[in-house]
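Work through the following exercises with the sequence and the coordinates at hand, and try each task before reading its solution.

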Amino acid sequence: MTSLQIHSEHSSKTPIALGANFSLYTRLIRTPGEVEEETVRRYLQDQLQAARCLTANLPIGLADLPGWVAHNSQAVAERYRTYLEGRRAGEGRKFFTNKAHALYFLQHVAPSKLVDGAWLYGTTQHVDDWRYRGLIRTYLEELGDGEPALNHVLLFRNLLTEHDCAPHAPLDDALYLQGAIQLALGRLSDDFLPEMLGYNLGYEQLPLHLLVTAFELNELGIDPYYFTLHVTIDNASSGHALKAVEAVLNFLPNDETKAAFLERLRAGYLLNDLGKNSTDVIRSFELEQELVAMLETKSAFGQHMHSDYCRLEGRTINQWLATPGQSRQLLAALENRGWIKRHQDPRDSRFWQLVEGPGAAMFGVFNGYEKQLLKDWIAGDWQGEAANPFRNRFPRRDSRVSPNPLSPALLSASVEELIALMGPDSHPTPEGLAATRIYSQRLSQGSLTS
Ligand SMILES: [Fe+2]
Ligand SMILES: [Fe+2]
């Protein structure tokens, strides 16, 4: 996996109190109006201090930035070609060991994907300044220009719903760091403009892991559209990556303030390397460990739910579940007693039949992700029918649906009122989407002024 890694690992360097990322993230997404500016500022300053200790691979003085971006994207394309050659030659997947692993990935990157684009929110207030145009366009594209089928946050939310794998309990705090940074930059982008430009420049480069993720998700029967969409939309020749470069050049001073500006931009760029990135998440999965942890959480709820007729190795199921830390032994007992037959089709296991299928006694006990953990653990080395990884399982149909007609009240809304509805906390709602459509239409007609 190391050869596919493109971001350096710096997760352990972030000096923050436990829960600080989750706390700020949740408050900025749920009740942004109640979060004081000073809190957001201090958070960003702390993160920037950590980021400044890292090394950036940006060209010195930002010379030939477009060439640097083009070179990066060519290098990624080249490495992806090598990956595909390997797959064509019969090599296995590089990221996801099984479908549960892929769902784990979706669940654990959810905090940042569910605020996709948030760092650009503040740019929407600068419609009269041409230097912001590319950034505003990028933000609107993240929001799908108000089209629900193209709104990145909604697309990711739907993906989680479809596979029933959304996180229900708070995840590791480090997983909220990127999302919190994005929301914080969106809130204070005027004060942290060079940092926001640098962050945007780093974020919008096409990473190799996006390509590999999309390929392997499709292979595992998970619609990769959210990821393939970013391959096209973030491209270096006309997409978000190019707009990121242009934005930097629009704002780059030519006087004695240039050095300080570059220093701040560099720190913002490095914010991308804090916390846990996609490859960290992919690497942190261990099937049996996740299954056991999940069963432990379930035990607390299930310990009074079983009839005392159910006995396993002399103990009732309720007794098994009443003692914390027994899940691994419980699995072994189920295996010993023939309720679970590992390394073969899970449908052959009686225990699996209790979980899934018509009239299953434990129907609804496990969500989609939890069931997949169990299923993949039972299946083990059993592969089922060999499938062609190159087959496109999700051919695109035009998924645009005409949104509802716009309400007259919104049509006459001021630009400030529209912007208020286009924040990361509200843009995926029907009102937010409608406001985004109007803002976007007025912008393209040249009738949007503040
Ligand atoms: Fe996006
Ligand atoms: Fe983008």
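The exercises below deal with salt bridges and with one helix contact.

The model is predicted, so local features need pLDDT of at least 70 and side-chain atom pairs count only at pLDDT 80 or more, while totals for chains, interfaces and linings use all residues. Residues are numbered from 1 along each chain as its sequence is written, and side-chain values use heavy atoms, with hydrogens and water left out.

**Exercise 1.** Describe the salt bridge between arginine 81 and glutamate 85, and place both residues in the secondary structure.

Solution. Begin with the criterion: a salt bridge is a side-chain nitrogen of Lys or Arg within 4 Å of a carboxyl oxygen of Asp or Glu. The side chains of arginine 81 and glutamate 85 satisfy this at 2.7 Å, N to O. Next, locate them: both belong to helix α3 (residues 65-88), where four residues, about one turn of the helix, separate them; helices here are DSSP runs of H or I with at least four residues, numbered from the N terminus. Finally, consider accessibility, for which buried means under 20% relative accessible area, exposed over 50% and partly exposed in between (1.4 Å probe, protein chains only). Arginine 81 is partly exposed at 43%, and glutamate 85 is partly exposed at 41%.

**Exercise 2.** Which parts does the pair of glutamate 195 and arginine 264 tie together, and is each residue buried, exposed or partly exposed?

Solution. The two side chains meet in a salt bridge of 2.7 Å, N to O. Glutamate 195 lies in helix α8 (residues 193-203) and arginine 264 in helix α12 (residues 258-270), so the pair ties together parts that are 69 residues apart in sequence. Glutamate 195 is buried, with 5% relative accessibility, whereas arginine 264, at 34%, is partly exposed.

**Exercise 3.** How many salt bridges does a search of the whole structure find, and which residues are linked with Arg41 in a network?

Solution. The search returns 20 salt bridges. Arg41 shares a network of salt bridges with Glu37, Glu38 and Asp191.

**Exercise 4.** Characterise the packing of helix α14 (residues 287-302) and helix α16 (residues 327-336).

Solution. Fit the axes as lines to C-alpha atoms over the stretch in contact, with angles from 0 to 180 degrees between N-to-C directions. The axes of α14 and α16 come within 9 Å and cross at roughly 105 degrees. That makes α14 roughly perpendicular to α16, a class that covers 65 to 115 degrees. Then list the contacts, meaning heavy atoms within 4.5 Å: Ser327, Arg328 and Leu331 of α16 meet residues of α14 including Glu288, Leu291 and Val292.

Methods
Chains are lettered from A and ligands numbered from 1 in the order in which they are written. Helices (H or I, at least four residues) and strands (E, at least two) are DSSP runs, numbered from the N terminus. Angles under 35 degrees count as roughly parallel, over 145 as roughly antiparallel, 65 to 115 as roughly perpendicular and the rest as oblique.
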